[in-house]
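Subject: A structure for you to explore

Hi there,

Here is the structure I promised to send you. Have a look around first, and then read on for what I found.

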Amino acid sequence: MTAILPPSAATAGPRSARLLTRSEDGERLHALLWEAGPGWRMISSAVLGGGIGERGWVLNAQVAHGYRRTDPDRHLAELAAEAGAVGAGVGLMTAADVTRNGRAEDAGAQAVATAGISVRGWAAAPAEHRADALPAQPGTINIVAALPVALTDAALVNAVATATEAKVQALLDAGHDCSGTPTDAVCVAARVPAPGADLHAFAGPRSLWGARLARAVHRAVAAALPPR
């Protein structure tokens, strides 16, 4: 059973994510749950609720090192249900300690990141570098970000690219010689378009909301990175 710590004040963004705690396989593990509610459209690479669609919550769950379950989507759905999340949502997981998360905001753009970088490298690695050949160590940089505006599908894809660029910039600024870990995941939320409303067609790093997203993600990842 998942125990829920006292909630923080409700805000319309992932910085309001609640910290959950549970006992599993003899370990005390944590998770972050953002109960976004209706009115959000999300794009994500997550194992649960990935793709593009309306989603009402995002769960970033810590799992034990050497995680071996072959049904992570089902596991995440169970954890979310135990925490009271209902309807469609997004579920991410990591072996990193999610209590060490970074949260940032820039003019309405919000981001929360968790970061384990023991298993890290460059995206364009030699062919023999396979994720399934890596040792089981704390890894994965998970990013959850939100913009309080509506985006086109193309702009949502653009936002994922912008968030990823900001993550890499944060890693390099912190002195890490890598572009991330083999299991990094991202989720970007934007508002569901109101009838007749204009949609933002761009979310690159020099667009209004893309620039704000980049700065929020950069600061969140920098804050989440373990000390060197």
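Let me start with one pair of residues that you can find right away: Gly116 has Thr140 as its bridge partner, and Thr140 sits in β10. Please keep in mind throughout that this is a predicted model.

**The strand β10 and its neighbours**

The pair above belongs to a longer match. Strand β9 covers residues 109-117, and eight bridges join β9 to β10, with the two strands running antiparallel. On to the next partner: β10 is also joined to strand β11 (residues 185-191), this time by six bridges and in the parallel sense. One pair to look up there is Leu147 with its bridge partner Ala190 in β11.

Is β10 enclosed or open? Nine of the nine residues of this strand, which spans residues 139-147, are buried, so β10 is largely enclosed by the rest of the structure. You can check this face by face. On one side you will find Gly139, Ile141, Ile143, Ala145 and Leu147, and on the other Thr140, Asn142, Val144 and Ala146; all of these are buried, so both faces of the strand are covered.

**The whole chain**

Now zoom out. The protein chain has three helices and eleven strands. Starting at the N terminus, the order of the elements is β-β-β-β-β-β-α-β-β-β-β-α-β-α. How does the radius of gyration compare with the globule rule? It is 17 Å, close to the 17 Å that the rule gives for 228 residues, so the chain is as compact as a globular protein of that length. Along the principal axes, the C-alpha atoms fill a box of roughly 50 × 40 × 30 Å.

A few totals for the protein chain may help you here:

- Of its 228 residues, 50% count as buried.
- The chain exposes about 10500 Å², and carbon and sulfur atoms supply 55% of that area.
- If you take contacts between residues at least 6 apart in sequence, 74% of them join residues at least 24 apart.
- There are 20 positive and 20 negative charges, and their mean positions are 5 Å apart.

**The strand β3 and a hairpin**

Next, go to strand β3, residues 27-34. This strand is mostly covered, with six of its eight residues buried. Strand β2 (residues 18-24) pairs with β3 in the antiparallel sense over seven bridges. Within that pairing, Ser23 has Arg28 of β3 as its bridge partner. β3 also pairs with strand β6 (residues 58-62), again antiparallel, over four bridges. There, Leu32 stands opposite Asn60 in β6.

What do β2 and β3 form together? They make a hairpin, with two residues between the strands. One residue to click on in the turn is Asp25, whose phi is positive at about 55°.

**Two residues with a positive phi**

Why point out the phi of Asp25? Most residues other than glycine have a negative phi. Asp25 is a residue other than glycine, yet its phi is near 55°, a positive value. Asp25 is found in the loop between β2 and β3. With a relative accessible area of 69%, Asp25 is exposed, because that value is over the 50% cut-off.

Ala107 is another example, with a positive phi near 50°. Ala107 lies in the loop between β8 (101-106) and β9. Its relative accessibility is 51%, so Ala107 counts as exposed.

**Two buried residues in helix α2**

Finally, turn to helix α2, residues 153-173, where you will find Ala166. Is Ala166 buried or exposed? Ala166 has a relative accessible area of 3%, so this residue is buried. Leaving out residues up to four places away in sequence, Ala166 touches Ala214, Val217 and His218. If you would like to try the distance tool, pick Ala166 and Ala189: they are 23 residues apart in sequence and 16 Å apart in space, C-alpha to C-alpha.

Thr162 also has its place in helix α2. At 2% relative accessibility, Thr162 counts as buried. Setting aside neighbours within four places in sequence, Thr162 is in contact with Ala203, Gly204, Pro205, Gly210, Leu213 and Ala214.

Enjoy exploring, and write back with any questions!

Best wishes

Methods. Residues numbered from 1 in each chain as written. Predicted model: local features only at pLDDT ≥ 70, side-chain atom pairs only at ≥ 80, totals over all residues. Heavy atoms only, no water. Rg over C-alpha atoms; globule rule 2.2 N^0.38 Å. Buried < 20%, exposed > 50% of the residue type's maximum accessible area, 1.4 Å probe, protein only. Contact = heavy atoms within 4.5 Å. Areas by Shrake-Rupley, 256 points an atom, 1.4 Å probe, with all protein chains shown as cover. Lys, Arg positive; Asp, Glu negative; His and termini not counted. Charge placed at Lys NZ, Arg CZ, Asp CG, Glu CD. Pairing = 2+ DSSP bridges.
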